[in-house]
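Biologist: I have a structure open and would like to learn how to read it. Can we go through it feature by feature?

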Amino acid sequence: QVQLVESGGGLVQPGGSLRLSCAASTTFFPVYVMGWYRQGPGKQREPVASITRAGITMYEDSVKGRFAISRDNAKNTVTLQMNSLKPEDTAVYYCNARHLVNKNDYWGQGTQVTVSS
């Protein structure tokens, strides 16, 4: 069982930046692929970015060049740096941990990101 706690959401103007953090309570953090998902108003939850323990990253097309995911395997944390934010980035952002072998998914409670002037 993995517990994930997100922080760092909030209200920001278009073009601004936010940094989301997720802390994982597990002693086996490196065996999890860590990711961020988001769910906008009236939309389905969608993947945003992911990172393996080796640092291999993947991004959804609309955030490439604007968002950066990173992880600290010593501190059991994953971070999403979001720059050049757009109103369409408004969503609840969820931290995800997926076990590398059994593919079990764990989710955080979500943090609201609102991009508006």
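Biologist: Is Ser 84 buried, partly exposed or exposed?

Modeller: One caution before the answer: this is a predicted model. Ser 84 is partly exposed, because its relative accessible area is 40%, and the cut-offs for that class are 20% and 50%. The residue lies in the loop between strand 8 and strand 9. Its phi is near 50 degrees, a positive value in a residue other than glycine.

Biologist: Which loop holds Lys 103, and what is its phi?

Modeller: Lys 103 is in the loop between strand 9 and strand 10, the latter being residues 105-107. Its phi is positive, about 65 degrees, although Lys 103 is not a glycine. With a relative accessible area of 52%, Lys 103 counts as exposed.

Biologist: Now the strands. How do I read a sheet, and what is the strand order here?

Modeller: Strands of a sheet pair through backbone hydrogen bonds, and the pairing is either parallel or antiparallel. In this model an open sheet of four strands has the order 1-3-8-7, with antiparallel pairing. Strand 1 (3-7) and strand 7 (67-72) stand at the edges; each has a single partner strand, so one side of each has no neighbour in the sheet. From one strand to the next, the twist averages 15 degrees.

Biologist: How many bridges join strand 1 to strand 3?

Modeller: Five bridges join them, and the two strands run antiparallel. Ser 7 stands opposite Ser 21 of strand 3, and Leu 4 has Ala 24 of strand 3 as its bridge partner.

Biologist: And how many bridges link strand 3 with strand 8?

Modeller: Strand 3 pairs with strand 8 (residues 77-82) over six bridges, again in the antiparallel sense. Cys 22, for instance, stands opposite Val 78 in strand 8.

Biologist: Which side chains of strand 3 are buried?

Modeller: In a regular strand the side chains alternate between the two faces of the sheet. Strand 3 shows the alternation: Leu 18, Leu 20, Cys 22 and Ala 24 point to one face and are buried. Arg 19, Ser 21, Ala 23 and Ser 25 point to the other face and are not buried.

Biologist: Cys 22 has come up twice. Which residue does a disulfide join to Cys 22?

Modeller: The partner is Cys 95, with an S to S distance of 2.1 Å. A search of the whole structure finds one disulfide. The pair links distant parts of the chain: Cys 22 is in strand 3 (residues 18-25) and Cys 95 in strand 9 (residues 91-99), 73 residues apart. Both cysteines are buried. The angle about the S-S bond is -85 degrees, and the link is left-handed.

Biologist: Last, the pockets. What is the volume of the largest pocket, and how many residues line it?

Modeller: Its volume is about 190 Å³. The lining of the largest pocket has 13 residues, and those nearest its centre are Val 33, Tyr 37, Ala 49, Ser 50 and Arg 98. Strand 4 (32-39), strand 5 (46-51), strand 6 (57-59) and strand 9 each give two or more residues to the lining.

Biologist: How many of the lining residues are nonpolar, polar or charged?

Modeller: Eight are nonpolar, three polar and two charged. Strand 9 thus appears in two places: Cys 95 of the disulfide is in strand 9, and strand 9 gives residues to the lining of the largest pocket.

Definitions and conventions
Residues numbered from 1 in each chain as written. Predicted model: local features only at pLDDT ≥ 70, side-chain atom pairs only at ≥ 80, totals over all residues. Heavy atoms only, no water. Disulfide = S-S within 2.5 Å. Buried < 20%, exposed > 50% of the residue type's maximum accessible area, 1.4 Å probe, protein only. Pairing = 2+ DSSP bridges. Axes fitted to C-alpha atoms, helices over the stretch in contact; angles between N-to-C directions. 1 Å grid on protein atoms, 1.4 Å probe; cavity = no way out; pocket = protein on both sides within 12 Å on 5 of 7 lines; lining within 4 Å. Points joined across faces, edges and corners; volume = space filled by probe spheres on them. Nonpolar A, V, L, I, M, F, W, Y, C, P; charged D, E, K, R; others polar.
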